[in-house]
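Got the model open in your viewer? Let's walk through it stop by stop, picking something new to select each time.

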Amino acid sequence: MSLVNILNVQVLDNPTHFTNDFKFEITFECNAQLEDDLEWKMIYVGSAESQDYDQVLESIMVGPIPVGVNKFVFSANAPKLELLPQHDLLEVTVVLLSCLYRDKEFVRIGYYVNNEYEDEALRLEPPPQVVIEKLQRNILADKPKVTRYTIDWYNQGTQEQQTEQQEGGDVQQQQTMGMDQDMMVQ
């Protein structure tokens, strides 16, 4: 059983200019006293071709965490343009929210991000060099991909397993690694 459950993630300031900060309002429930803080990471996938272009936009420690429902706004600067391949600035990429406890990831929420020109004419005939000032970022907030991992919350040495929760309230534990789950998180 997970001691921390994500109740809601709301994407703020969306759509927005490409260089504006990312902002997510995260609501989660803590079901038992935690001895350590939670670590949250926000990762921007810079290219589908290589992880070398991924950028950790922000990594924060949140705690101490009281038992009950908690909420905070997780914000981060836009990715560093000089570290992104020019040909991957337009179209679809991914931003990931990851939460860890004692260096063990127990949930990852992925959102598709569509980067496109605000101007219709530029969308139809993009210039050879990307004009950053005219780019808009739109996070597809209604279709996140949520992956949950079972971790040893008390350091008792059990093997990590990944779980899948299906919408509608039924919970199934999967013994096979690599299973993703879809869940509506707004």
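Start with the whole chain in cartoon: read along the sequence, the pattern is β-β-β-β-β-β-β-β-α-β-β-β-β-β. That comes to 1 helix and 13 strands, taken as DSSP runs (H or I of at least four residues for helices, E of at least two for strands) and numbered from the N terminus. Before going further, note that this is a predicted model, where local features need pLDDT of at least 70, side-chain atom pairs count only at pLDDT 80 or more, and totals for chains, interfaces and linings use all residues. Residues are numbered from 1 along each chain as its sequence is written, and side-chain values use heavy atoms, with hydrogens and water left out.

**Colour by confidence**

Switch to pLDDT colouring, the predictor's confidence in each residue from 0 to 100. The protein averages 85, and 84% of the residues score at least 70. Among the elements, S3 has the highest mean pLDDT (98), while strand S12 (residues 171–173) has the lowest (32). Now select residues 158–186: pLDDT stays under 50 there, and the model has 69 contacts for this stretch beyond four places in sequence. Contact here means heavy atoms within 4.5 Å.

**Surface on**

The protein exposes about 10,400 Å², 46% of it supplied by carbon and sulfur atoms; the areas come from the Shrake-Rupley method with a 1.4 Å probe, and for residues only the protein chains shown count as cover. Of the 186 residues, 41% are buried, where buried means under 20% relative accessible area, exposed over 50% and partly exposed in between (1.4 Å probe, protein chains only).

**Into the core**

Hide the surface and select Phe24 and Leu38. Which residues touch the most other members of the largest nonpolar core? These two do, out of 43 residues in that core, defined as a set of buried Ala, Val, Leu, Ile, Met, Phe, Trp, Tyr and Cys residues joined through side-chain atoms within 4.5 Å. Several strands supply at least two residues each, including S1 (4–12), S3 (22–30) and S4 (38–45). S8 gives the most, with 6 residues. In soluble globular proteins, nonpolar side chains tend to be buried together. Zoom in on Phe24: beyond four places in sequence, its contacts include Val9, Met42, Phe72, Val95, Tyr111 and Ile139.

**Val4**

Next, jump to Val4 in strand S1. Buried or exposed? Val4 counts as buried because its relative accessibility is 1%. Show its surroundings and, past four places in sequence, you'll find Phe28, Glu29, Asn31, Leu34, Leu38, Phe106 and Trp153 touching Val4. Draw a C-alpha to C-alpha distance to Leu34: the two are 30 residues apart in sequence and 9.3 Å apart in space.

**Thr93**

Thr93 sits in strand S7 (residues 91–101) and is buried, at 8% relative accessible area. A polar atom of the Thr93 side chain lies 2.3 Å from the backbone oxygen of Val45; a polar contact is a pair of N or O atoms within 3.5 Å, where within protein one must be able to donate a hydrogen and the other to accept it, and residues adjacent in sequence count only if both atoms are side-chain atoms. Leaving aside neighbours within four places, Thr93 is also in contact with residues such as Tyr44, Gly46, Tyr112 and Asn115.

**Last stop: Gln86**

Finally, select Gln86, in the loop between S6 and S7. At 37% relative accessibility, Gln86 counts as partly exposed. Gln86 touches Gln129 and Val130, not counting residues up to four places away.
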